[in-house]
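Reader: I am new to this structure and would like to be led through it slowly, one question at a time. Could the sequence and the model be shown before we start?

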Amino acid sequence: MFQPITLPNGVTLTDRLGVAPMTTYSGNPDGTVSDAELAYYKRRSTIGDLYISACIAISENGIAFPNQFIGFDDRVMPSLKQLASQMKANGSKAIVQMQHGGRHGQPELIPANETVAPSAVTTPNSPVAPRELTNEEIQAIIRDFGETTRRVIEAGFDGVEIHGANHYLLQQFVSSYFNQRQDEWGGTLQNRLKFSLAVLKEVQETAAKYADDSFIIGYRVSPEEIHGETVGYTLAETKVLVDLLIENGVHYIHTSLFDFKTPPAGMAQEGSIVSILSDHIDGRVPLVVVGSVKTPQDALEALQEGADVVAMARQVLIDPEWTEKVKAGNEDEIFTTVPKKRVGKLDIPESMWNMITSYGMVQVAEE
């Protein structure tokens with residue numbers, strides 16, 4: 001866990017631990033970072049060297065959460081600079097995850113009161129179809145990723161992570177179910193991957209203009225989109241995307257999983273998604289893995305499974321001092337549930353706390 005690893009751009013992470021991006025629901029109404037969020041981020045700045053923020057909205061028509069912080073307006077710069085400072089307080093590399101909600105945008109939070117997507121596709125849970133993006137709007141969103149990258153660099157962050165997972169816009173373009181376009185952005189797998197590669201290129205060109213070679217660019221994937229009989233894309237197709245991202249210079253791949261031991265759906269191949277992806281990447285770039293890591297033993301098992309960096313999410317909400325306890329040899333003092341006496345003492349913003357407890361993401365124990 002505490003061995004260094006070097007990224008393709010020459011930046012060395014001092015350990016194999018990180019903080020995964022988690023939505024806080026706690027920004028200010030104007031899209032700036034709140035004081036409660038700043039305290040939350042600083043409290044978790046000792047977990048690992050790869051520290052990834054909650055996703056920042058890169059376009060006005062892509063806001064996906066109440067009180068999400070934004071990257072599409074220069075007026076947010078002072079609070080972004082404060083966020084970078086807090087995340088880097090103990091030497092971590094501060095990474096901003098960039099996202100567009102696409103069909104999962106929130107109309108009531110978007111001035112146009114609509115959601116946009118690759119195609120106007122409905123689902124049983126979303127009977128109102130989003131509006132299909134025009135080619136000009138697609139190009140504008142690509143530029144928005146670049147503009148947010150510029151602001152992230154100016155604010156003093158160490159890198160960005162392009163959010164291509166969790167059913168947001170980039171994943172929607174990759175999915176043959178949600179992307180039914182007949183132009184250059186849809187149809188064949190090659191066309192469905194064009195948006196991801198165009199965003200990566202825009203981010204890289206912006207970084208080359210405003211930052212030095214130490215600026216980190218990662219990409220997060222959901223490794224497959226299979227729901228019963230509905231198949232958006234398979235793990236085999238994700239391998240194609242991963243190859244293209246690596247060939248085009250991405251610095252790490254981050255796979256989004258609920259549990260790092262998850263096997264692939266509908267494949268005869270044995271092993272977990274992590275082990276299969278790790279074997280395929282074969283050391284070309286680091287593989288960052290998140291998913292139900294609670295204890296040091298879990299972290300070691302994830303590394304043995306094929307992860308190069310283990311990111312934690314729910315666990316760093318429960319115990320922000322996790323890594324300090326491991327380094328001190330006090331693993332037996334790690335909390336995996338929140339004792340009632342610690343409620344209100346973890347620097348978790350109130351809106352975030354209400355959300356994670358109502359959904360059972362964090363358990364409160366009597367002792």
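**Helix H12 and its surroundings**

Author: We begin with a helix: in H12, the residues Met 352, Trp 353 and Ile 356 are buried. Please keep in mind throughout that this is a predicted model.

Reader: Within what arc do the buried residues of H12 fall, seen down the axis of the helix?

Author: The buried residues in question are Met 352, Trp 353 and Ile 356, whereas Glu 350 and Ser 358, on the other side of H12, are exposed. Seen down the axis, the buried residues line one face of the helix, because they fall within an arc of 100 degrees.

Reader: Which elements are included in what covers the buried residues of H12?

Author: Met 352, Trp 353 and Ile 356 are the residues to be covered, being buried in H12. What covers them includes two helices and two strands, namely helix H1 (35-43), H10, strand E15 (338-339) and strand E16 (364-365).

Reader: Is Tyr 359, in the loop between H12 and E16, buried or exposed?

Author: Tyr 359 belongs to the loop between H12 and E16, and just after H12 there is also Gly 360, which takes a positive phi of about 75 degrees. The C-alpha atom of Tyr 359 is separated by 20 Å from that of Gly 27, a residue 332 places away along the chain. With a relative accessibility of 63%, which is over the 50% cut-off, Tyr 359 therefore counts as exposed.

**Helix H2 and Lys 93**

Reader: Which elements are included in what covers the buried residues of H2?

Author: In H2, the buried residues are Met 77, Ser 79, Leu 80, Leu 83, Ala 84 and Met 87. They fall within an arc of 160 degrees when seen down the axis of H2, so they line one face of the helix. What covers these buried residues includes H1, E4, strand E5 (93-99) and helix H3 (135-155).

Reader: Is Lys 93 buried or exposed?

Author: Lys 93 lies in strand E5, and, when residues up to four places away in sequence are not counted, Lys 93 touches Val 11, Thr 12, Leu 13, Asp 49, Leu 50, Tyr 51, Asp 158 and Ile 216. Its relative accessible area is 18%, and since the cut-off for this class is under 20%, Lys 93 is therefore buried.

**Aromatic pairs**

Reader: How are the planes of Phe 65 and Tyr 168 arranged in their aromatic pair?

Author: A search of the whole structure finds eight aromatic pairs, and in the one formed by Phe 65 and Tyr 168 the rings are 6.1 Å apart, centre to centre. The pair links distant parts of the chain, 103 residues apart, with Phe 65 in the loop between strand E4 (50-57) and helix H2 (77-87) and Tyr 168 in the loop between strand E8 (159-164) and helix H4 (169-174). Phe 65 counts as buried at 11% relative accessibility, and Tyr 168 counts as buried at 11% relative accessibility. The angle between the planes is 80 degrees, and the arrangement is edge-to-face.

Reader: Which residues do ring pairs link into a cluster?

Author: Phe 65 and Tyr 168 form an aromatic pair, and both of them belong to the cluster. Ring pairs link them with one further residue, so that the cluster consists of Phe 65, Tyr 168 and Tyr 25.

**Pockets**

Reader: Which residues lining the largest pocket are the closest to its centre?

Author: The largest pocket has a volume of about 960 Å³. Its lining has 21 nonpolar, twelve polar and three charged residues, and strand E14 (309-312), helix H10 (314-318) and helix H12 (350-358) each supply at least two residues of it. Of the 36 residues that line this pocket, the closest to the centre are Met 22, Asn 166, Ala 313, Arg 314 and Met 361.

Reader: From which element does the largest share of the lining of the second largest pocket come?

Author: The second largest pocket has a volume of about 380 Å³, and of the 15 residues that line it, His 104, Thr 123, Asn 125, His 167 and Phe 178 lie nearest the centre. Two elements, strand E10 (225-227) and strand E11 (230-233), give two or more residues to this lining. By class, the lining divides into four nonpolar, nine polar and two charged residues. The largest share, three residues, comes from E11.

Notes. Residues are numbered from 1 along each chain as its sequence is written. This is a predicted model: local features need pLDDT of at least 70, side-chain atom pairs count only at pLDDT 80 or more; totals for chains, interfaces and linings use all residues. Side-chain values use heavy atoms; hydrogens and water are left out. On a 1 Å grid over the protein atoms alone, a cavity is a set of points where a 1.4 Å probe fits but cannot get out, and a pocket is an open set with protein on both sides within 12 Å along at least five of seven lines; lining residues have an atom within 4 Å of a point. Grid points are joined across faces, edges and corners, and a volume is the space filled by probe spheres set on the points. Helices (H or I, at least four residues) and strands (E, at least two) are DSSP runs, numbered from the N terminus. Ala, Val, Leu, Ile, Met, Phe, Trp, Tyr, Cys and Pro count as nonpolar, Asp, Glu, Lys and Arg as charged, and the others, Gly among them, as polar. Rings of Phe, Tyr and Trp (its six-membered ring) pair if their centres lie within 6.5 Å; planes under 30 degrees apart count as stacked, over 60 as edge-to-face and the rest as tilted. Buried means under 20% relative accessible area, exposed over 50%, partly exposed in between (1.4 Å probe, protein chains only). The arc is that of the directions from the helix axis to the C-beta atoms. Contact means heavy atoms within 4.5 Å.
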